[in-house]
Amino acid sequence: ANADDPDYYSINLSSERVRLALHIIEGIQGGQELGALLGYRLERGLHDSHLQLDQYIYPLRKKFPLRANRLTDTALEEDDFDAIEQIAANNVVDGLWLIEHQRKPNVNYPWGVGGLPAEGTAEAEAIQSEVEKLKDINDAVADLSLAESVHQVVKGNYDRAAGTLNAFSKG
């Protein structure tokens, strides 16, 4: 935390954030990746926008594609890439990758993506608003997982607390 961002380490467990986090966690339990689930929400937000932002989904998909085999501890060899391509969803934005990319220093809208509207336009502000919603959902998942692990530690279930944090850290 600092003077510019005093709530940096705060935990917000409001009912709306918990509901959104639980929805994402259910998707993870169902076998989806966090990046894909965030990407689905981004694309739905762009689609449902009153500004009709569907034309900006493809450039975002092209810049931030969802790819399997990015975790180094579970990465497959080059010979197995055909199987990866069959599993990987190539028709959704990797929302987690977009969030991580935007956190880099000196990375501003349009994040190096051709085909997005110019900065300062209503369309650009709407896209950035949807990305901010993704950041909030990702933060809600982190807050909920931290609260769950603290709850388990207080109950004396250290293994369960460690398992919870480990599961969320690996997506």
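This section describes the helical architecture of a predicted model and the surroundings of selected residues.

The secondary structure of the protein chain consists of seven helices and zero strands, so that the order of elements from the N terminus is α-α-α-α-α-α-α. Of the 171 residues in the protein chain, 35% are buried. Among contacts between residues at least 6 apart in sequence, 66% join residues at least 24 apart.

Helix α1 covers residues 15-29. At 1.5 Å a residue, the 15 residues of this helix should span 21 Å, and the end C-alpha atoms are indeed 21 Å apart, in agreement with that expectation. The buried residues of α1 are Arg17, Leu20, Ala21, Ile24, Ile25 and Gly27. Seen down the axis of α1, these buried residues fall within an arc of 155° and therefore line one face of the helix. The face turned away from the buried side carries the exposed residues Ser15, Arg19, Glu26 and Gln29. The packing partners of the buried residues of α1 are α2 (34-48), α6 (122-154) and α7 (158-169). Just after α1, Gly31 adopts a positive phi of about 105°.

Helix α2 likewise has 15 residues, for which a span of 21 Å is expected at 1.5 Å a residue; the end C-alpha atoms of α2 are 21 Å apart, which agrees. Buried positions in α2 are Leu34, Gly35, Ala36, Leu37, Leu38, Gly39, Leu42, Glu43, Gly45 and Leu46. These buried residues pack against α1, α3, α5 (95-102) and α6.

The pairing of α2 with α6 can be described in further detail. The axes of α2 and α6 come within 10 Å and cross at roughly 145°, and the crossing is right-handed. On the α2 side, the residues involved are Leu34, Leu38, Arg41, Leu42, Gly45 and Leu46, which meet Ile127, Glu130, Val131, Leu134, Ile137 and Asn138 of α6. By class, this contact comprises eight nonpolar, two polar and two charged residues. Of the α2 residues in this contact, Leu34, Leu38, Leu42, Gly45 and Leu46 are listed as buried.

Helix α6 also contains Gln128. With a relative accessibility of 18%, Gln128 lies under the 20% cut-off and therefore counts as buried. Leaving aside neighbours within four places in sequence, Gln128 is in contact with Gln102, Tyr109 and Trp111. Of these partners, Gln102 belongs to α5, which comprises residues 95-102.

Lys63 is located in helix α3, which comprises residues 57-63. The relative accessibility of Lys63 is 32%, a value between the 20% and 50% cut-offs, so this residue counts as partly exposed. When residues up to four places away in sequence are not counted, Lys63 touches Trp97, Trp111, Gly112 and Val113. The C-alpha atoms of Lys63 and Val113 are separated by 6.3 Å, although the two residues lie 50 residues apart along the chain. Trp111 is thus named among the contacts of Lys63 and among those of Gln128.

Key:
Residues numbered from 1 in each chain as written. Predicted model: local features only at pLDDT ≥ 70, side-chain atom pairs only at ≥ 80, totals over all residues. Heavy atoms only, no water. Helix = DSSP H or I, 4+ residues; strand = E, 2+ residues; numbered from the N terminus. Expected span 1.5 Å × (residues − 1). Buried < 20%, exposed > 50% of the residue type's maximum accessible area, 1.4 Å probe, protein only. Arc of directions from axis to C-beta. Contact = heavy atoms within 4.5 Å. Axes fitted to C-alpha atoms, helices over the stretch in contact; angles between N-to-C directions. Left-handed = near helix turned anticlockwise from the far one by under 90°. Nonpolar A, V, L, I, M, F, W, Y, C, P; charged D, E, K, R; others polar.
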